[in-house]
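This briefing introduces a single protein chain to a reader who has not met it before. It begins with the chain as a whole and then turns to selected details.

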Amino acid sequence: MSGTEALARLTQDRVDHRFKGLPPDADGLTVAELTAQRRNLFTDGFTTPVLALSAERLEHNLALMETYATRHGLAFAPHGKTTMAPQLFQRQIGHGAWGITLAVPHQVRVARAYGIQRIFLANELVDPAALTWLAGELARDADFRFVCYVDSVRGVELMDAALTGTSRPMDVVIELAAGEGARTGVRTEAECAAVADAVAATGTLRLVGVAGYEGEVPQANPERVHAWLRRLVALAADFDKAGRFAGAGPDGIVISAGGSAWFDAVADVFAEIPELSAPVLKLLRSGAYVSHDDGHYRKVTPFNRVPEEGALEPAFRLWTQIVSRPSPEQAFANAGKRDAAYDLDLPFPQAVRRDGTERPATGIEVTALSDQHAWLHTAPEADLEVGDWLGLGLSHPCTSFDKWQLIPVAEADGTVVEYIRTFF
């Protein structure tokens with residue numbers, strides 16, 4: 001089945017109890033049929049809590065990052081772990097993305113099921129069952145492009161053992177750690193050379209570049225991040241001079257970095273990459289931009305440092321309902337840890353809806369989350385009653401998408417024009 005056919009099949013799934021927040025009277029309809037009804041999020045049967053994406057802001061963010069990558073000469077493989085939504089993967093590719101970055105084998109299987117032809121796995125892969133499956137994908141589809149990290153001689157040995165006898169070598173990049181005490185990756189250039197030697201000694205792997213994640217630089221600031229990125233570029237140049245990329249693939253030499261907090265530094269340093277023996281694929285991997293947020297990424301986005309380049313817009317809103325108002329200082333909404341991201345920040349009250357009128361959520365603060373309740377502190381100026389809808393902004397897209405299997409996409413007036421399916 002082609003990726004296009006697989007995406008089309010998503011619209012034939014039946015709406016039922018599996019999907020939170022959708023109208024109970026839509027049970028039995030296909031997603032396509034429900035979409036065609038263009039129901040209103042606030043007046044046509046959706047139940048709280050319900051997470052919604054803004055159609056306009058989603059499109060704005062997709063277009064903005066396409067423009068940014070093009071302006072800075074960057075290829076773009078946004079991290080798909082953020083959304084795990086094949087519909088959004090295809091929209092990202094439609095907005096110029098080279099491919100999709102992923103983290104674990106299950107995510108790669110989802111992407112392949114929906115036709116993604118270029119995948120960057122930002123992890124060392126040593127699971128023999130996953131490697132065998134991937135080797136089969138590479139063998140059956142000559143157009144499938146797959147690149148993954150290696151960060152140890154032992155990892156190379158395990159990969160080589162699992163891939164022995166395969167018909168097509170697997171492309172790998174050496175992950176340079178962001179510093180002592182950082183997450184994964186090779187700590188020193190000498191160790192990087194040892195890993196590269198191990199790759200060269202196999203017939204199953206092909207070294208095509210270097211990569212890393214600047215978001216793990218200890219005590220990150222612009223100077224430290226720029227310095228580490230220059231170290232990554234210098235490693236690539238040294239490896240190229242030594243002839244280590246002689247067998248680089250159709251995209252040339254891959255140099256990759258870029259989360260959602262420092263992609264401006266990546267753009268700065270990658271603009272300095274010297275001419276190498278083959279073309280360079282300068283691959284940016286930021287993922288949270290799709291929905292952005294009202295918390296962590298609002299604070300750390302590079303667009304705060306380069307406002308002339310534009311601004312991302314938070315596209316999520318979690319609509320809840322006030323179910324208890326036990327005192328003038330306290331209220332409770334019917335959404336909690338099962339529904340809202342809370343690992344970085346608690347949700348942010350944004351808007352109150354009553355009788356078709358929306359106003360700012362003045363004087364309301366989320367102070368805690370239970371499994372299915374948000375604890376609210378209400379100041380004297382807060383106008384809040386049982387039955388009101390409360391719209392919450394969220395912090396951290398990666399732990400927002402994963403709580404919802406089918407997410408309505410609503411226009412500014414509440415008209416739902418699409419439903420996004422996730423696979424976590």
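A residue is called buried when its relative accessible area is under 20%, exposed when that area is over 50%, and partly exposed in between. By this measure, 55% of the 424 residues of the protein chain count as buried. The model is a predicted one, and the protein chain contains twelve helices and 18 strands.

**Overall dimensions and surface**

- The radius of gyration of the protein chain is 23 Å, which agrees with the value near 22 Å for a compact globule of 424 residues.
- The C-alpha trace of the protein chain extends over about 70 × 50 × 35 Å along its principal axes.
- About 17200 Å² of the protein chain is exposed, and carbon and sulfur atoms supply 50% of this area.
- Among contacts in the protein chain with a separation of 6 or more, 69% come from residues 24 or more positions apart.

**The eight-stranded sheet**

- Eight strands form an open sheet with parallel pairing, in the order β2-β9-β8-β7-β6-β5-β4-β3.
- The edges of this sheet are β2 (75-76) and β3 (100-102), each of which pairs on one side only.
- Within the sheet, strand β5 (residues 145-150) and strand β6 (residues 170-175) run parallel and are joined by four bridges.
- Tyr149 has Val173 in β6 as its bridge partner.

**A buried leucine in helix α9**

- Helix α9 (residues 222-241) includes Leu229.
- Leu229 has 0% relative accessibility and therefore counts as buried.
- Apart from its neighbours within four places in sequence, Leu229 is in contact with Glu214, Ala257, Ala265, Val266, Val269 and Phe270.
- Leu176 stands 53 residues from Leu229 along the chain, and the C-alpha atoms of the two are separated by 9.9 Å.

**Salt bridges**

- Side chains of opposite charge can pair when their charged atoms come close.
- The count of salt bridges in this model comes to 31.
- One of them links Arg14 to Glu33, with the closest N and O atoms 3.9 Å apart. Arg14 belongs to the loop between α1 (3-10) and α2 (31-37), while Glu33 belongs to helix α2, so this pair ties together parts that are 19 residues apart in sequence. Arg14 counts as partly exposed at 44% relative accessibility, and Glu33 counts as partly exposed at 38%.
- Arg38 and Glu411 meet through their side chains in a salt bridge of 3.6 Å, N to O. Because Arg38 lies in the loop between α2 and β1 (50-54) and Glu411 in the loop between β17 (406-410) and β18 (416-421), the pair ties together parts that are 373 residues apart in sequence. Glu411 has 30% relative accessibility and counts as partly exposed.
- A salt bridge also joins the side chains of Arg244 and Asp197, at 2.8 Å from N to O. Arg244 is placed in the loop between α9 and β8 (253-257) and Asp197 in helix α8 (residues 189-200), so the pair ties together parts that are 47 residues apart in sequence. Arg244 is partly exposed at 25% relative accessibility, and Asp197 is partly exposed with a relative accessible area of 43%.
- Arg354, Arg359, Asp383, Glu385 and Asp388 are joined into one network by salt bridges that share partners.

**Backbone geometry**

- Most residues other than glycine have a negative phi, and most peptide bonds are trans.
- Thr48 and Pro49 are joined by a cis peptide bond, with omega about 0°. Pro49 lies in the loop between α2 and β1.
- Arg38, described above for its salt bridge with Glu411, has a positive phi of about 50° although it is not a glycine. Arg38 is located in the loop between α2 and β1 and counts as partly exposed at 46% relative accessibility.
- Asp355 also is a residue other than glycine with a positive phi, here near 55°. Asp355 is found in the loop between β12 (348-354) and β13 (357-360). With 76% relative accessibility, Asp355 counts as exposed.

Definitions and conventions:
Residues numbered from 1 in each chain as written. Predicted model: local features only at pLDDT ≥ 70, side-chain atom pairs only at ≥ 80, totals over all residues. Heavy atoms only, no water. Pairing = 2+ DSSP bridges. Helix = DSSP H or I, 4+ residues; strand = E, 2+ residues; numbered from the N terminus. Buried < 20%, exposed > 50% of the residue type's maximum accessible area, 1.4 Å probe, protein only. Contact = heavy atoms within 4.5 Å. Salt bridge = Lys/Arg side-chain N within 4 Å of Asp/Glu carboxyl O. Rg over C-alpha atoms; globule rule 2.2 N^0.38 Å. Areas by Shrake-Rupley, 256 points an atom, 1.4 Å probe, with all protein chains shown as cover.
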